[in-house]
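Hi everyone, thanks for making time today. I'd like to walk you through a structure that is new to most of you, so let's put it up on the screen.

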Amino acid sequence: MASSKLQLPVDDSVLLLVTHSNLSTFAADIRVSQQTTVEALKDKLWRKTGTAVASMRLQLRDDTGAKIADLDDDAAPLAAYGPYNGYRIHVLDLDPSSLTSGGWLEDTSLVDKYKMSDEAYDKLHTNFRKFKEKMAPKNSTSEDKEQSEKHMEELCSKIKVGDRCEVEPGAKRGTVKFVGRAEALGRGFWVGVQYDEPLGKHDGMVKGIRFFECPQGHGAIVRPEKVKVGDYPERDPFEEEEI
């Protein structure tokens, strides 16, 4: 019995790079049959580049960019020019008024941009400028800072070294060990506290400066508004235990 073989069509397509005379940044790969006519190829390239078929001239170039041939016979198949994979089809746009001429499709600086006046922009119900103003923290003026310092000084006038106190947050109890300015920590007034329990961060020394002395881990320096002085005896660690 004679055997029969399935005859598969031979793939004669080539992979070509497309470049354009008016589009320096344009490059695209196309795979095309070598039996495709120059006219049909132009129709494909019109869809990719925007250059009208009537204004298009094609050149076949090798992979170094050197010209091989002008594709000047619209009826001829691509195979007539001997293309290889990696060769280039270079599109020349002969229309001086073409959409691709003058860099309009690549240089955005050539495009007239709509600009809204500040008056019209401010009339918008919402815009980025209003959002930014709403979200931006208010800058403290020198007057605000002066008032803040006076307020801290008034609070400190009612706090004395040796006073029992409670510090927020957390209602931490302890004894006042320092009251006054501490420029190394920031402008304004500060209060140093020795906590009854090891809830602090140091032993009274901060940034190499000794403000007071206390056991390690019992010391803290806070703003005066966080400190309340009064009858705050040391808590009994067993007072909340169930009997």
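Let's begin at Ile 89. Leaving aside its neighbours within four places in sequence, Ile 89 is in contact with Leu 16, Leu 17, Val 18, Thr 19, Leu 41, Leu 45, Leu 58, Gln 59, Leu 60 and Leu 71. Please keep in mind that this is a predicted model.

Now zoom out a little. Ile 89 is among the residues with the most contacts inside the largest nonpolar core, which has 19 residues; Leu 16, Leu 41, Leu 45, Leu 58 and Leu 71 are in that group too. Two or more residues of this core come from each of β1, β2, α1, β3, β4 and β5. There is also a second, separate core of 13 residues, including Ile 159 and Val 193.

Next, have a look at helix α1, where we find Thr 49. Is Thr 49 buried or exposed? Thr 49 has a relative accessible area of 6%, so it counts as buried. A polar atom of its side chain lies 3.3 Å from the backbone nitrogen of Thr 51.

Finally, the charged pairs: the count comes to 11 salt bridges. One of them joins Asp 74 and Lys 42, with the closest N and O atoms 3.1 Å apart. Asp 74 sits in the loop between β4 and β5, while Lys 42 is in helix α1, 32 residues away. Lys 42 is buried, because its relative accessibility is 7%, whereas Asp 74, at 33%, is partly exposed. Elsewhere, Glu 166, Arg 173, Lys 228 and Arg 235 form a network of salt bridges.

Conventions
Residues numbered from 1 in each chain as written. Predicted model: local features only at pLDDT ≥ 70, side-chain atom pairs only at ≥ 80, totals over all residues. Heavy atoms only, no water. Helix = DSSP H or I, 4+ residues; strand = E, 2+ residues; numbered from the N terminus. Buried < 20%, exposed > 50% of the residue type's maximum accessible area, 1.4 Å probe, protein only. Polar contact = N/O pair within 3.5 Å; in protein donor to acceptor, adjacent residues only side chain to side chain. Core = buried A, V, L, I, M, F, W, Y, C linked by side-chain atoms within 4.5 Å. Contact = heavy atoms within 4.5 Å. Salt bridge = Lys/Arg side-chain N within 4 Å of Asp/Glu carboxyl O.
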